[in-house]
Amino acid sequence: VQLQASGGGLVQAGGSLRLSCAASGSIFSIDAMGWYRQAPEKQRELVALITSGMRTVYADSVKGRVTISRDNAKNTGYLQMSSLKPEDTAVYYCNVVRDGKIYWGQGTQVTVSS
């Protein structure tokens, strides 16, 4: 599975962005799809994930501001982010888990100005 993340950019605090993660193959049978982020000099951290059963998990820092979703017909996952804060600035990565293997996409930069 190859993943292509997009949708990052520069936004003012309080603004919104929608990140997309396009998969080269079907995502219908994946175990989970997740979004992670890594800020400078910090470890990569989970932002949100969605399981095969469409159960969602969110980091406490983004709850209420972020929605993860997936469109199996388009083989694409999404991360809708609103009320963005400067501390949301990071490189955002998507991944999928399938048959016990983890596949990562390249990152997309999100920068939130104050």
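**Disulfide, strand pairing and core of the predicted model**

By the distance rule applied here (a disulfide is a pair of cysteine sulfur atoms within 2.5 Å), the count comes to one disulfide. It is formed by Cys21 and Cys94, whose sulfur atoms lie 2.1 Å apart. The pair links distant parts of the chain: Cys21 sits in strand 3 and Cys94 in strand 9, 73 residues apart. The link of Cys21 and Cys94 is right-handed, with 70 degrees about the S-S bond. Cys21 is buried, at 0% relative accessibility. Cys94 also counts as buried, at 0% relative accessibility. Buried means under 20% relative accessible area, exposed means over 50%, and partly exposed lies in between (1.4 Å probe, protein chains only). Helices (H or I, at least four residues) and strands (E, at least two) are DSSP runs, numbered from the N terminus.

The structure is a predicted model, in which local features need pLDDT of at least 70 and side-chain atom pairs count only at pLDDT 80 or more, while totals for chains, interfaces and linings use all residues. Residues are numbered from 1 along each chain as its sequence is written, and side-chain values use heavy atoms, with hydrogens and water left out.

Strand 9 (residues 90–98) has several pairing partners. Two strands pair if DSSP finds at least two bridges between them. Strand 4 and strand 9 run antiparallel and are joined by seven bridges. Within this pairing, Gln38 has Val91 of strand 9 as its bridge partner. Strand 9 also runs antiparallel to strand 11, with three bridges. Here the bridge partner of Ala90 is Val110, in strand 11. Four bridges join strand 9 to strand 10 (residues 101–104), again in the antiparallel sense. Arg98 is bridged to Lys101 of strand 10. Two residues stand between the strands in the hairpin of strand 9 and strand 10, where Asp99 takes a positive phi near 50 degrees.

A second hairpin is made by strand 7 and strand 8. Strand 7 (residues 66–71) and strand 8 (residues 76–81) pair in the antiparallel sense over six bridges. Ile68 has Leu79 of strand 8 as its bridge partner. In a regular strand the side chains alternate between the two faces of the sheet. Strand 7 shows such an alternation: Val66, Ile68 and Arg70 point to one face and are buried. Thr67, Ser69 and Asp71 point to the other face and are not buried. Four residues lie between the strands of this hairpin.

Backbone angles in the loops deserve a note. Most residues other than glycine have a negative phi, and most peptide bonds are trans. Asn75, in the loop between strand 7 and strand 8, has a positive phi of about 50 degrees although it is not a glycine. Ser83 lies in the loop between strand 8 and strand 9. Its phi is positive too, near 50 degrees, and Ser83 is a residue other than glycine. Ser83 is partly exposed, with a relative accessible area of 41%.

The largest nonpolar core has 28 residues. Such a core is a set of buried Ala, Val, Leu, Ile, Met, Phe, Trp, Tyr and Cys residues joined through side-chain atoms within 4.5 Å. Trp35, Val47, Leu79, Met81 and Tyr92 have the most contacts inside this core. The elements that give two or more residues to it are strand 1 (3–6), strand 3 (17–23), strand 4 (32–38), strand 5, strand 7, strand 8, strand 9 and strand 11 (108–113).

Two residues of strand 5 (residues 45–51) were examined further. Val47 lies in this strand and is buried, with a relative accessible area of 1%. Contact means heavy atoms within 4.5 Å. Leaving aside neighbours within four places in sequence, Val47 is in contact with Trp35, Tyr36, Arg37, Val57, Tyr58, Ala59, Val62, Val66, Leu79 and Tyr92. The C-alpha atoms of Val47 and Arg37 are separated by 6.6 Å, and the two residues are 10 residues apart along the chain. Thr51 is found in strand 5 as well. Thr51 is buried, with a relative accessible area of 15%. With neighbours within four places in sequence again set aside, Thr51 is in contact with Asp31, Ala32 and Arg70. Arg70 is one of the buried residues of strand 7.
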